[in-house]
Amino acid sequence: MAWETVEWACGHTGKIQLYGPQRQRDSRIASEAGRKCFACWLVEKWEQEGDPRATKPDRYRLAAAIAENKNIRIFNLPEDAPASDSREALRAERDKLLARLAEIDAELGKDQKKPDEPASRKTAAVFADIRDGKAFLCITSKTSDLLCPAAMREGSDSAYDIEREIPADGNPEIVRSLIAEMEKESGLKLEPSQTLREMGI
Ligand SMILES: [Zn+2]
């Protein structure tokens with residue numbers, strides 16, 4: 001029985017207790033030199049299996065203690081090694097990327113809502129109502145296709161009291177901007193009546 005010195009492929013050195021004739025011991029030493037040490041092998045196994053010991057800073061010392069019980073002494077193992085190349089580090093990186101992705105999604109979502117109001121906005125018709133010689137833009141819940149004088153009368157009495165007086169010199173440009181104001185105020189999507197459309201609105 002003898003303690004033989006070994007240098008493993010991972011760069012760690014140590015001693016292993018061997019029995020038997022020298023020739024057998026020499027071949028065992030040669031085969032050990034071609035592989036990583038027991039501690040490196042065990043830590044890697046812990047990492048692959050998600051064993052909590054894989055992320056402990058003193059994992060090499062834990063592995064060395066187990067090696068000692070198998071008559072393997074490993075000398076130059078790291079004392080404390082942060083789990084930088086382990087699954088833990090990959091998980092942290094993944095969490096960081098997912099958080100960034102959520103931020104980007106939120107940012108894109110904001111931009112999508114801004115230029116276009118929700119498509120589910122209720123549609124109503126806007127039409128010109130003449131009262132006392134003045135023209136007013138009024139809103140009716142009747143759609144523009146159904147607009148007839150009766151619908152218009154109903155419209156002017158309807159629940160939407162948002163209206164705008166069309167100035168005497170009102171051109172289509174002005175009327176359109178008044179309608180845009182009324183849309184903003186009512187939250188409705190306003191379709192111009194047949195008459196307004198014929199006026200180029
Ligand atoms: Zn090693």
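**Helix α2, its core and the edge strands**

Analyst: Let's start just past α2: the helix is followed by Gly 50, whose phi is positive, near 70°. Keep in mind that this is a predicted model.

User: Which residue has a positive phi although it is not a glycine?

Analyst: That's Asn 71, with a phi of about 60°. Asn 71 sits in the loop between α3 (59-69) and β3.

User: What makes Asn 71 count as partly exposed?

Analyst: Its neighbour count. Asn 71 has 13 C-beta neighbours inside 10 Å. Exposed would take 12 or fewer and buried 20 or more, so Asn 71 lands in between and counts as partly exposed.

User: And how do you know what to call Gln 194, in terms of neighbours within 10 Å?

Analyst: Gln 194 has 14 other C-beta atoms within 10 Å. That falls between the cut-offs of 12 and 20, so Gln 194 is partly exposed too. Gln 194 belongs to helix α7 (residues 194-198). Gln 194 and Val 126 are 68 residues apart in sequence, yet their C-alpha atoms are 9.6 Å apart in space.

User: Back to α2. How do you know whether the span of its 12 residues agrees with what it should be?

Analyst: Set the expected span against the model. The rule is 1.5 Å times one less than the number of residues, so the 12 residues of α2 (residues 38-49) should span 16 Å. The end C-alpha atoms are 16 Å apart, so the two agree.

User: Which residues of α2 are buried?

Analyst: Phe 38, Ala 39, Leu 42, Val 43 and Trp 46.

User: Why say that the buried residues of α2 line one face?

Analyst: Seen down the helix axis, they fall within an arc of 130°, so they line one face of α2. As a reminder, an α-helix has 3.6 residues a turn, so residues three or four places apart point the same way. As for what covers the buried residues of α2, that includes α3 and β3.

User: Which members of the largest nonpolar core touch the most other members?

Analyst: Ala 39, Val 43, Ala 63, Ala 64 and Ile 74, out of 16 residues in that core. Two elements, α2 and α3, give two or more residues to this core, and α2 gives the most, with 5 residues. Leaving out residues up to four places away in sequence, Val 43 touches Ala 54, Arg 59, Tyr 60 and Ala 63. Apart from this core lies another, of 13 residues, among them Val 126, Phe 127, Ile 166 and Leu 178.

User: What about the open sheet: in which order do its 3 strands run?

Analyst: The order is β1-β2-β3, and the pairing is antiparallel.

User: Why do β1 and β3 stand at the edges?

Analyst: β1 (2-7) and β3 (72-74) each have a single partner strand, so one side of each is left without a neighbour in the sheet. Neighbouring strands here are turned by 25° against each other on average, direction ignored.

User: What makes β1 and β2 a pair?

Analyst: A pair needs at least two bridges; β1 and β2 (residues 13-18) are joined by 6, so they qualify. One of the partnerships is Glu 7 with Thr 13 in β2. Helix α1 (residues 22-33) lies across β1 and β2, running at about 30° to β1.

User: How many residues does the chain have, and what share is buried?

Analyst: The chain has 201 residues, with 20% of them buried. It holds 7 helices and 7 strands.

How values were computed:
Residues numbered from 1 in each chain as written. Predicted model: local features only at pLDDT ≥ 70, side-chain atom pairs only at ≥ 80, totals over all residues. Helix = DSSP H or I, 4+ residues; strand = E, 2+ residues; numbered from the N terminus. Axes fitted to C-alpha atoms, helices over the stretch in contact; angles between N-to-C directions. Contact = placed C-beta atoms within 7 Å. Arc of directions from axis to C-beta. Core = buried A, V, L, I, M, F, W, Y, C linked by C-beta atoms within 7 Å.
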